[in-house]
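Student: Could you take me through one part of this model up close? I'd like the sheet, strand by strand, and then a quick look at what sits around it.

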Amino acid sequence: MDAIIADGKSRMSKSVQTLKDEFSGLRTGRASSAMFERIKVEYYGNPTPLNQLATISIPEARLVVIQPWDKSVIGEIEKAIQKSELSLNPNNDGKVIRINIPPLTEERRKEYVKHAKQLAEQARVAVRNVRRDANDSLKKAQKDGDISEDEAKRGEDEIQKLTDQHTKEIDELLEAKEKEILEL
């Protein structure tokens, strides 16, 4: 029974961590190096993560400076940023790329909040699926005679507590992200 609960807890935590990772890449009105984590740059024929080709710094709240280690790749980095869903316009001076992060329009903010809510709902569904799988495993173990009816009931209660705890964490993450997106 403990193995089933531990597995459920681990899988629920992974769902929450995935949501945190998704949220870190979601654009807000201020600059963040996390915005560029998903960008892949064509480097010698291979798609390479941007952070493996350049230093990404945030000298001001609305400015990102990308300094490639190999100057020959600066054009490819610029193209990759323009192709990304970030809707940013990089400026290249031959040595570094500067990106001004424009303030989000009200309409874009609402789109990002809507997207954040969808991501949070996907995470909640994932947590509930883990709960269902764990409860099914407990019922099977009880049916097979591995655990008693009381142990199965205690296990289900423990799984429900974990579900509630992780769902609450998802709701808190969403609330914080909404606030971050909507602040001017």
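Tutor: Before we start, one term: two strands count as paired if DSSP finds at least two bridges between them. Keep in mind too that this is a predicted model.

With that in hand, take β3 and β4, which pair in the antiparallel sense over five bridges. The link from β3 to β4 is a hairpin of two residues. If you want a spot to click on, try S57, whose bridge partner in β4 is V65.

Now step across to the next neighbour. Strand β4, residues 63-68, also pairs with β6, residues 97-100, again antiparallel, and here there are four bridges. A handy marker on this side is I66, which has I97 as its bridge partner in β6. As for how covered β4 is, five of its six residues are buried, where buried means under 20% relative accessible area. When you look at the side chains, remember that in a regular strand they alternate between the two faces of the sheet.

Put together, the sheet is open, has four strands and runs in the order β3-β4-β6-β5, with antiparallel pairing. Its edges are β3 (54-60) and β5 (91-92), each of which pairs on one side only.

On to the helices. Helix α1 covers residues 2-24, and its 23 residues reach 33 Å from first C-alpha to last, close to the 33 Å expected at 1.5 Å a residue. Its buried residues are I4, I5, G8, M12, S15, V16, L19 and F23. An α-helix has 3.6 residues a turn, so residues three or four places apart point the same way. The buried residues of α1 pack against α3 and α4 (149-182).

Helix α3, residues 106-143, turns up again at the largest pocket, where it gives the largest share of the lining, five residues. That pocket holds about 220 Å³ of space. Of its 12 lining residues, G25, L26, E85, Y112 and H115 are the closest to the centre. By class, the lining has six charged, four nonpolar and two polar residues.

Last, go to the loop between α3 and α4, where you'll find D144. D144 counts as partly exposed because its relative accessibility is 45%, and the partly exposed class lies between the 20% and 50% cut-offs. To tie this loop back to the sheet, compare D144 with I99: they are 45 residues apart along the chain, and their C-alpha atoms are separated by 61 Å.

Terms used: Residues numbered from 1 in each chain as written. Predicted model: local features only at pLDDT ≥ 70, side-chain atom pairs only at ≥ 80, totals over all residues. Heavy atoms only, no water. 1 Å grid on protein atoms, 1.4 Å probe; cavity = no way out; pocket = protein on both sides within 12 Å on 5 of 7 lines; lining within 4 Å. Points joined across faces, edges and corners; volume = space filled by probe spheres on them. Nonpolar A, V, L, I, M, F, W, Y, C, P; charged D, E, K, R; others polar. Expected span 1.5 Å × (residues − 1). Buried < 20%, exposed > 50% of the residue type's maximum accessible area, 1.4 Å probe, protein only. Contact = heavy atoms within 4.5 Å.
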